[in-house]
Every structure is written in structure tokens, then in C-alpha cells.
Amino acid sequence: MGPDGGCAGDYCPIVDAITLIDGTNGLNGSHKCVQQSNGSINRQELANSMNGKSKRQLNGQNGRQIYISDRKEEPPLYLEILCYISYAVLIIFGYLRDFLRKIRLEKTRGAVESHREGYVPLYQSFESFFTRNIYRRVCDGCNRPITCVPGAEIDVMDRVTNDYNWTFEYPGTTTRAINMGSYNYLGFAENEGTNVDRVEGVLHKYGVGVGATRHELGTIDIQRELELRLAQFLGVESSIVFGMGFATNSTNIPTLASKGCLIISDEYNHASIILGSKKSGASVAVFKHNDMKDLERKIRDNIINGQENSHRAWKKIIIIVEGIYSMEGTIINLPEIIKLKLKYRCYVYLDEAHSIGAIGRRGRGVSDYFGCDPKDIDLWMGTFTKSFGAAGGYIAGRKQLIDYIAVHSQSATYATSIAPCIAQQIMSVINVIMGVDGTHDGQMRIARLSRNARYFRRRLKQLGFVVYGNDDSPVVPIMICFCSKISAVVRTAFTKGIGTVGAAFPATPLTTGRVRFCVSASHTKEMLDKALRVMDEIGDQVAIKYSKQPKSCEKIIY
Amino acid sequence: MCCRGGRRAMGVVLVWGMMLGGTPAQVNPNSLWLNSRGMWLSYACGVLVLHLALLSFPFLSVATVWTLTNVIHNLVMFVFLHVLKGTPWESGDQGKVRKLTHWEQIDDGIQFTSTRKFLTVVPIILFFLTSFYTKYDSFHFVVNFIALLLVLLPKLPQFHCVRLFGINKY
């Protein structure tokens, strides 16, 4: 993409994101992509968005229809039954082994309390059933230490186990693998370059630690500069940064909501949001994931019924959603949320942990992706861990609101503020993304990420895997319903040089265990091709190509 | 949901991501898995497989096999739904459900949901079938009826969180 954002050639990764109904790819002769010619998509015309099972349709400004595909293919019924049988077998063997351990035929390898007669036991034996019998079999794919910067490739420390994953030994060697597990969307996890040099300079000036909270002597000029720059980046009035992303949610939602307020949160919201909502004392209602009709129904029911016993009106209603959901890979339907918010006068708190920097034409997140006005959402929240290669979180919005949070937030009062070197890293990255540093590096990374994500997804779908999520999101989960197969995929992929993350019950629903790939701008086409080749082999070996959708035979060009 | 601890820094790469800070604290997974798609069909298939396995013993009469199926099914259901308490994993909600049996945890305690109705109806249907195939013989009837009562009484909403004589309280 050129410096002014115009498309330099005949392939535009952003336009390709929108498959137009008239079959063109949006270049319409004048070589301006749809988003540029439309400007910001008119809100009223978005009111006709349908929520179909396979595709959703928005009307662009010229009446040109834009499809966003958000397919969610369910695994076939016989697979689910086999999945239940597999869990039943694991449970039966679990009980058998526990029985053998009880009658001392088998050695108990777990930790056992000693000299505690008469004390209440610390842990119930039943509560560790799952860990002992199911998790223990597959835990060699978890908690693997790495010894380098988590960039496009990583050095993973080798581990050997002689007693079936109860203990590990480290021979001291490492294995190089392509990193498809780190949230390194824009590839800023680097240990050399101008960003790192600037951070080093700041380290020499300010040292490492901060030594106080924001309310005491812990506010540093770099943090203020970062907040101003961040507000500029996001297109809002003001922002505040915190040292930890999880804590940003869990300590600030109680500042905003209290008893008598209503929080309506998405089914698959992150644990930090749930923790914050619980701590706040507000009532919580849950709506089905990304289902705008359900959300509207819940809002209406709650407004009509009011608070629980008194039926008084709610003090405020806050809708909490995320930009990209990291386990599903779906992108929130932002135009519809804004429409609902304006209709019912609710507040919206948008957690852009995974989407800031990762989607959008200019990398500004979900509002940029849909072309919405950032001032429509009351509270933007995000973390710097994913696309920025740093740590910490932020909240952004109107100046009044941010000033209130700065005074009342528990994180600002009790937690140490963000370290100056990290603030410098974030600022350098923002400058790169905005193009302020004078290079086109930011735009190139954004374009590469978008291209990588779409290429990887389309090739995986073509291979026959069931891939969840929006076509543009860099988080690519593939469904592997059986936990044994998840383990097989993670282990085999690692021996062939790909590092991935698996997730199963109880973190996901019983039959939708998945393996997740995080595509990064630092992945080259060769790396993605290697990953796809490996997944193709594994898919045939382990039989996980469950998709029944017709596969396109067209050659997918990068 | 995956390893939600990944919000801190980017060092953790290959994580199984089970409940390492990630179990959705709002929802107890134990309350939902019986509602999963295909679960009821699998349950019925499981009972059928048990019955066929018992039928393969040549020295048992049809009546005995049906009574045995009914009694074994009810005993297993009683143990798993009404005796075992808590969750087989460490829940993220500080043990709120540690004292509840699985039946009390289903759908977070809401009564008369479809899963609860299904699990109530299955022993009743099994009882009808067993009575038919044992030709209403009095001995089999008494045995089957007691087994049915054993598994139906704890399901009544009046027995929610009730522990008779302090048995199985902690």
C-alpha cells in the first residue's frame, strides 16, 4: 500500500476482505478501494444488517452490499457421540487408576500431605481428578519454556519425561519452531531495531522500576506523553495507561459499575471482564456470542423489568464486548452494537485486547475496520501485550470519564504504574503504526498481517479443516473435538517444527476442543506454507478434516 | 477459553490453557455439558449397550436381564448425580459448588429445565419397559420400584440441597 493508503498494484489486501456482491473486488476502475471511496460507512444504512448463519450483509454508502463471512460449522453428530465415548473411556480409566492408587497397587505420584492428622484436607481428591487423569496425560504440550524473544520463530527448551508427564528433565537442548502461539500480531516482538534502541536510551535515563503508584510519585512524563499519543492514535479525547492488562479490566470495571447497575456481557468474554463485573457488585446478564437479536432482547427485558426485587430503573446499563475473541476468532458486530446503544441509551465498553493494531486499514482496531466513529463508543479498553510487544493496558474515552477513572481507579491508587521503558516501547510502536517515524513500516506490517491472516485461513479451509471466526481475524482456531487428537496435533506439529496452542474442556465446551494459530506480520509466506504443509499431513494422519463445506479448487494467491 | 494468563507478557507459548486462570468464573462447566448436542442420544445408546451386554449372558433370563439393567442404571445414576459432589477440576469460583451434587449443579440450580426433565423421564421409561418384560412379577416389581424411588426422590425440587440425616453433607 502506498503512503497515502491508495492501492499500489492490483491486489489490495483490505479490499479482498470485502467480497462484493457484484463480483468485483471493489477497485471500480478508479483504483480506490471500497473503504476509501465510501469514507466511513453510513450508520443508518448499516441498520439493515442481517444476522444470518453463514454471512452477514452490510450496505455500504453507495448501496453496494458488503458481505462479512462469519461461518460457524458444527461438527457432525457422530463425532460428538464419539467424543463423549472418548471422555467416558478416560473417566473409566481414571477411576480405575485412582482405585489402584488407593489400594496401593500403584504409586501415588501427586503431592500428599504428611503429619496432618486431624486437619481438614487442603485439597479434595475429587477436585484433582481431571488434572490427575486427563490433564496429566497431555500436559507435555503445556507450559513449555522458551529461551528467546517470541518472534516469528522460537527456541523451545526440550523436555523429557520418564514417568508419563509427572516429572520432566531438561537435557539442555532447544528446538527451533515456527511460533504460531504468541500474540505477536504486528511482529513487534524484536530484540533489535530502532524501537529497542530507544527503549535502551530510556532505561539509561529512568532506570527500570517506577517505585510508586500513580497517585504518589509514580507518574512519569513518558507516561503522560504516551497517554496523549495514544488518545491521538485512537481518535478519542483522552486515555490512561496501567501496568497490567488483566488488572485494567478487573480493577476498573468496579470503578464504573456498582450495585444497581446492569452489565450485559458477551457469553465468551474474558476472565478479567468477568472478574471485574463480579467485583463491582452490579447485576450481570449474558447474551449469546455475537448474537445481536439476543442482545436486544436482553436489553429490552432488563429495561422493562428493572432491578431485581424493587423493579426500579437501572442506574446505568453497560454492554461489555470484545473486539476479537481470542478463542473463537470472531470480530464483534460493531455497527449493530452502536445502533443498539443509541436506541436504548446504554454505555458500551469495548475490550480491544486482540484487535488493536491487528485489524483495520490503519491498524486502529475494530472501529477502523468497520469505519465507525471512535467517539460513538464510550469506553475503549485494550492491552499492549498483543500487537505492541509490550505489557500493560489502557482505557480511553472522553476526558471527563478518564479523569474520573484516574482519581478513583484502584489500579491507579494501589498498583505501580507502567514502567518507563515499556511506555517508550509502546510509544515507538504507535509512532511506527501511525507513520510518524517517517517510514512505511507500520502500514507494511498491517498489510502483511492482513494478507497472512486471510491467506492462512483460506488455505486451511481449502484443506478441509473446520476453522472458526471471521475471515479477517489473525486468530485462527481449528476444531478438533477430541482431546486426544488435540494432544496428537500439538505434539506432532512440534516435532515437525510448528509451535501451537491447544484448548479443551473445561475451558471450552465439551465437544469443541480446538487448536489455535496466531498469525503474525513477521511470518513469511514460506513459514505459513510450511505450517500448512505440516497441518495437511497431520490432518490426514489424525483425521481432523471435518469440514463438509464444498472446497474451492482455485489456487489461492498470496 | 485459553490460557487467559497470557495477558501479562508474551513469554508463554505452548499452553494447554485449561483452567489456568481461565475457567469462565461465571459459568460452571459442570452445569452445561449435559445439554451438549448429541448427549441425550449418547446416553440412550449407553443404556442400550449396557442392556445388550447383559443380554449376552446365556444363563440370565430376559426378566432378570431387564431388572439388572434397570437396577444398574439407577445405581450408577444415583452415584454420579446424587452422591458425588463438586467438580472434578478446581473451579474458578472458590468452591461455591463444592457441596452440591451434580444434579443440583445442572443449569446452575434452575428447576424444570429440559435436561432435568430428560434425566427424570429416562428411569421412568426404563421402569415401564422392565415391568412389561418381567411380566409384572411381584418380586421384580418390588426391586425395580425401590430402585426407581431411589433415583426419583432426590430429583424432586423439594429435595434440592437437602441432606437426610446429615449423610453426604460435606
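1. A residue counts as exposed when its relative accessible area is over 50%, and as buried when that area is under 20%. Keep these cut-offs in mind for the loop residues below. Note also that this is a predicted model.

2. Start with B:Y136. Is B:Y136 buried or exposed? Its relative accessibility is 59%. The cut-off for exposed is over 50%, so B:Y136 counts as exposed. B:Y136 sits in the loop of chain B between α5 (114–133) and α6 (138–152). Look at its backbone too. Phi of B:Y136 is near 60 degrees, which is a positive value in a residue other than glycine.

3. Now turn to A:R104. This residue belongs to the loop of chain A that runs between α2 (77–102) and α3 (129–138). With 73% relative accessibility, A:R104 counts as exposed. Its phi is near 65 degrees. Again, that is a positive value in a residue other than glycine.

4. Next, the interior. The largest nonpolar core has 64 residues. Which of them touch the most other members? They are A:L295, A:I332, A:L334, A:F384 and A:F388. Helix α13 (residues 420–434) of chain A gives the largest share of this core, seven residues.

5. Where does this core lie with respect to domain 1 and domain 2 of chain A? Domain 1 covers 71–108 + 122–179 + 440–557, and domain 2 covers 194–434. Both domains give residues to the core, so the core lies between them.

6. Take A:I332 as a close-up. Neighbours within four places in sequence are left aside here. A:I332 is then in contact with A:N290, A:M292, A:V321, A:E322 and A:G323, among others. Its contacts also include A:Y325, A:I337, A:L350, A:V366 and A:F370.

7. Another core, of 59 residues, lies apart from the largest one. Among its members are A:Y87, A:I134, A:A493 and B:L34.

8. Finally, a sheet in chain A. It is open, has three strands, and follows the order β13-β16-β15 with antiparallel pairing. Which strands form the edges? They are β13 (475–479) and β15 (501–503), and each pairs on one side only. From one strand to the next, the twist averages 30 degrees.

9. Look at one pairing in that sheet. β15(A) pairs with strand β16 (residues 514–518) of chain A in the antiparallel sense, over three bridges. For A:V501, the bridge partner in β16(A) is A:R516. Helix α15 (residues 483–495) of chain A lies across β15 and β16 of chain A. This helix runs at about 35 degrees to β16(A).

Notes: Residues are numbered from 1 along each chain as its sequence is written. Chains are lettered from A and ligands numbered from 1 in the order in which they are written. This is a predicted model: local features need pLDDT of at least 70, side-chain atom pairs count only at pLDDT 80 or more; totals for chains, interfaces and linings use all residues. Side-chain values use heavy atoms; hydrogens and water are left out. A nonpolar core is a set of buried Ala, Val, Leu, Ile, Met, Phe, Trp, Tyr and Cys residues joined through side-chain atoms within 4.5 Å. Buried means under 20% relative accessible area, exposed over 50%, partly exposed in between (1.4 Å probe, protein chains only). Helices (H or I, at least four residues) and strands (E, at least two) are DSSP runs, numbered from the N terminus. Domain bounds come from an automatic or database domain assignment. Contact means heavy atoms within 4.5 Å. Two strands pair if DSSP finds at least two bridges between them. Axes are lines fitted to C-alpha atoms, for helices over the stretch in contact, and angles run from 0 to 180 degrees between N-to-C directions.
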